[in-house]
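Thanks for coming, everyone. I would like to walk through one structure this morning, and I will take it a part at a time.

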Amino acid sequence: MSDVKDALRAAFARAVAHLGATVDAIPVQEVPEDKPGDYGTPVAFVLAKTLKRNPAAIAAEVVDAFEPPDGVLRAEAVGPYINVVLDPAAFTAGVVAGPAPAPARGRKVVVEHTSVNPNKEAHVGHLRNVVLGDAVARILRADGYDVEVQNYVDDTGRQAAESLFAAHYFGETPPDPHAPADPGAPRTAWKLDHWYGERYVRLGRAKEADGDAIEAGVADVMHALERGERRAEIERIVAAQLATFWALGATYDLLVWESDVVASGFLSRGLAVLEASPYVERPDEGKYAGALVMRVGDFLPGLEEDRVVLVRSDGNAMYVAKDVGYQFWKAGLFEGLRYAPFAEQPGGGRLWTSHPAGADDADGRTFAHADAIVNVIDARQSHPQTLVKTALALSGTPEGETAARHAHHLAYEVVTLEGEAMSGRKGTTLALDDAMDEAVRRAGAVVAEKNPDLADADAVARAVGLGALRFAMLKSEAKRIIDFRWERALDLQGDTAPYVQYAHARAASIRRAARDAGLDPDAPPGADAFAAVGPLEVALARRVAQFPEVRTQAADELAPHLVAQYALDLATAWNGYYNHRGPDGAPDTAVLRAEPGLREARLALVGRVQATLAAALDLLGIEAPEAM
RNA sequence: GCGCCCGUAGCUCAGUCGGAUAGAGCAGCCGCCUCCUAAGCGGCAGGUCACAGGUUCGAAUCCUGUCGGGCGCACCA
């Protein structure tokens with residue numbers, strides 16, 4: 001059924017061959033609304049050039065030679081276009097039977113996303129990273145790839161050190177993360193990421209008056225972190241952050257700690273590989289004396305300074321060098337991380353973590369060894385990401401070159417807040433937890449108003465509110481700047497998740513009513529049930545049939561917005577079908593009141609629509625309520 | 001200065017790797033619930049696809065240039 005386009009390509013190719021011509025790839029496209037036919041091809045234009053003849057005449061000849069595949073009635077020439085008319089019964093029945101399962105790709109993709117500094121609460125800028133990465137992982141998995149989601153924890157960085165030091169500096173003791181939360185108290189009083197974040201911002205302000213002492217204290221904490229002495233504290237902050245991401249519906253396979261990457265020797269081994277490169281050197285004099293630098297000018301033209309520091313003259317590695325080691329490991333070149341369970345995730349599955357005291361294997365599970373790597377990282381980090389990739393390519397090793405070729409930086413643009421840049425350092429952010437609370441609150445108010453008798457009102461409010469938030473981050477391309485504004489992010493009508501969810505609930509409602517009427521909505525319709533379906537059903541079924549190719553394209557392009565746009569299109573097609581009226585002004589697409597036979601066919605189509613809406617939403621990490 | 005990204009309706013965005021009359025949502029106006037969920041549907045209005053060249057049977061889409069906006073170019077990450 002979704003293979004109709006493939007079948008058409010083949011059929012067109014045979015007809016074209018009949019004219020003694022060949023075309024490498026025959027485009028098959030949907031026919032515009034008001035033109036005759038369902039699918040069509042402009043291939044006659046291409047042939048016109050080689051055959052040096054009128055495209056309309058060629059189209060007519062192709063039509064003559066065309067033998068319709070199953071599910072297709074006939075072809076007709078519409079000017080220079082060649083359009084085909086589907087057999088409504090056969091096509092609709094094929095769509096209702098469901099799509100072919102996604103092929104097993106036999107390739108493993110490691111998706112790294114989230115990677116929020118473990119020193120403060122996540123804000124709505126991080127929301128975009130989490131939601132984008134989670135959706136990409138879901139899409140790749142659904143499209144047949146073996147997917148592993150990693151979340152990198154920069155536990156040796158300055159930011160983590162500042163938060164830990166801030167608590168000490170202000171003489172405050174962090175709250176017990178297991179103590180029951182006081183519902184009335186602000187999160188900064190009991191949720192550890194918020195608690196530390198508040199101290200972190202306060203410490204930033206205190207630097208003006210007491211900079212030297214703070215600097216010394218932070219440096220001490222950084223050294224302690226490098227020795228792994230304060231890992232437990234960072235782990236508690238990470239756990240607090242994860243609670244938020246889990247509530248959003250994201251899950252992970254592995255936390256990779258920077259300190260473990262370093263301790264496992266990936267940094268030094270990565271550097272050893274790079275040092276063998278003719279592009280890497282250690283100058284004795286000049287401004288880079290004593291540092292290890294990489295010369296990238298041949299590969300990245302136009303740089304003011306073509307040398308990049310990998311290891312500082314004081315011996316400390318730069319982020320780029322550490323990341324090269326990490327990326328090598330992802331690609332399977334290095335071994336040696338140890339693993340321990342970190343948590344059982346509400347969304348499913350055990351979350352593992354790298355850990356110095358862990359085991360060599362994780363219950364028989366193998367991490368890394370990626371065939372392809374996707375790094376979901378802010379577009380502002382494009383430059384260092386390019387440097388990492390260049391370093392892999394410059395390593396002179398086939399593995400490094402392969403890793404570079406299959407590493408993708410999924411760059412997303414910033415999220416501004418009401419037109420203003422956010423700063424975690426200054427504390428001018430909107431906490432993700434607060435945004436989620438507000439989204440659910442607003443959705444709850446609408447649920448109470450629209451459907452006061454709804455049984456699972458709270459669960460529906462969560463699904464709708466969080467769905468709206470996620471959808472707002474996903475519906476346009478990653479390279480678009482998003483300005484977070486309450487009215488738009490939490491809008492519940494128009495091009496939003498609730499619009500799609502509502503269409504889903506409406507379909508579910510019909511199936512419920514069918515059950516109440518003694519029908520089995522899951523029973524396959526009889527062989528001749530589809531005889532009475534017409535153009536309205538075909539138009540809807542055509543939309544449904546697009547789903548697998550949308551999913552595959554979204555996977556190939558790492559572009560969840562394609563799925564979001566498709567979900568809107570399918571919901572629109574379904575709503576239009578549902579509300580359709582005949583020439584007499586009376587509804588003409590009723591399901592349960594249709595004559596027997598047609599009734600079963602429509603009911604089955606509605607079931608397929610519902611399943612497809614739910615599947616599309618699931619790729620975006622959005623729940624599909626049965627009622628709302 | 002150099003590099004990357006963006007410029008489509010008043011606003012926010014889609015636009016099937018060059019195809020048919022450029023589509024949605026929001027905002028505005030007009031209609032539709034004795035009918036399976038009106039968070040919905042139909043209609044009206046709104047466009048020199050930033051600008052100028054070029055390639056092509058055909059360009060919002062590809063190439064060159066210009067203008068406007070964002071980001072990046074540390075011994076930070």
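Helix α17, residues 497-516, gives the most to the surface near RNA strand B, with eight residues. I should say at once that this is a predicted model, so please hear every distance I quote as a value computed from that model. Helix α17 shares the surface with other elements that each supply at least two residues, among them helix α2 (43-51), strand β4 (81-86) and helix α20 (560-578).

In total, 62 residues surround RNA strand B, and the closest are Lys 287, Arg 312, Arg 506, Ser 509 and Arg 593. By residue class, this surface divides into 28 nonpolar, 15 polar and 19 charged.

Which part of RNA strand B do the atoms within 4 Å of the protein belong to? Of those atoms, 62% belong to sugar or phosphate, and the rest belong to bases. Individual contacts illustrate each kind. A polar side-chain atom of Arg 593 lies 2.5 Å from a sugar or linking oxygen of RNA strand B, and a polar side-chain atom of His 561 lies 3.2 Å from a phosphate oxygen. At Lys 287, by contrast, it is a polar backbone atom that is 2.4 Å from a base nitrogen of the RNA.

Let me turn to the strands. Strand β4, which I mentioned as part of the RNA surface, belongs to an open sheet of four strands in the order β1-β2-β4-β3, with antiparallel pairing. Strands β1 (29-30) and β3 (72-78) stand at the edges with a single partner strand each, so one side of each is left without a neighbour in the sheet. The partner of β1 is β2, residues 39-41, joined to β1 over two bridges, and Gln 29 has Gly 40 of β2 as its bridge partner.

Further along the chain, strand β9 (residues 292-295) pairs in the antiparallel sense with β8 (residues 280-281) over two bridges, and four bridges join β9 to β10, residues 307-311, again antiparallel. Here Glu 281 is bridged to Val 293, and Leu 292 to Val 311.

Finally, the interior. The largest nonpolar core has 151 residues, of which Phe 484 and Trp 574 touch the most other members, and helix α21 (residues 598-619) gives the most to this core, with 11 residues. Beyond its neighbours in sequence up to four places away, Phe 484 touches residues including Val 124, Leu 417, Leu 469 and Met 473. Apart from this core lies another, of 42 residues, with Val 324, Trp 352, Ala 368 and Leu 392 among them.

Definitions and conventions
Residues numbered from 1 in each chain as written. Chains lettered and ligands numbered in written order. Predicted model: local features only at pLDDT ≥ 70, side-chain atom pairs only at ≥ 80, totals over all residues. Heavy atoms only, no water. Pairing = 2+ DSSP bridges. Core = buried A, V, L, I, M, F, W, Y, C linked by side-chain atoms within 4.5 Å. Buried < 20%, exposed > 50% of the residue type's maximum accessible area, 1.4 Å probe, protein only. Contact = heavy atoms within 4.5 Å. Near = heavy atom within 4 Å. Polar contact = N/O pair within 3.5 Å; in protein donor to acceptor, adjacent residues only side chain to side chain. Nonpolar A, V, L, I, M, F, W, Y, C, P; charged D, E, K, R; others polar.
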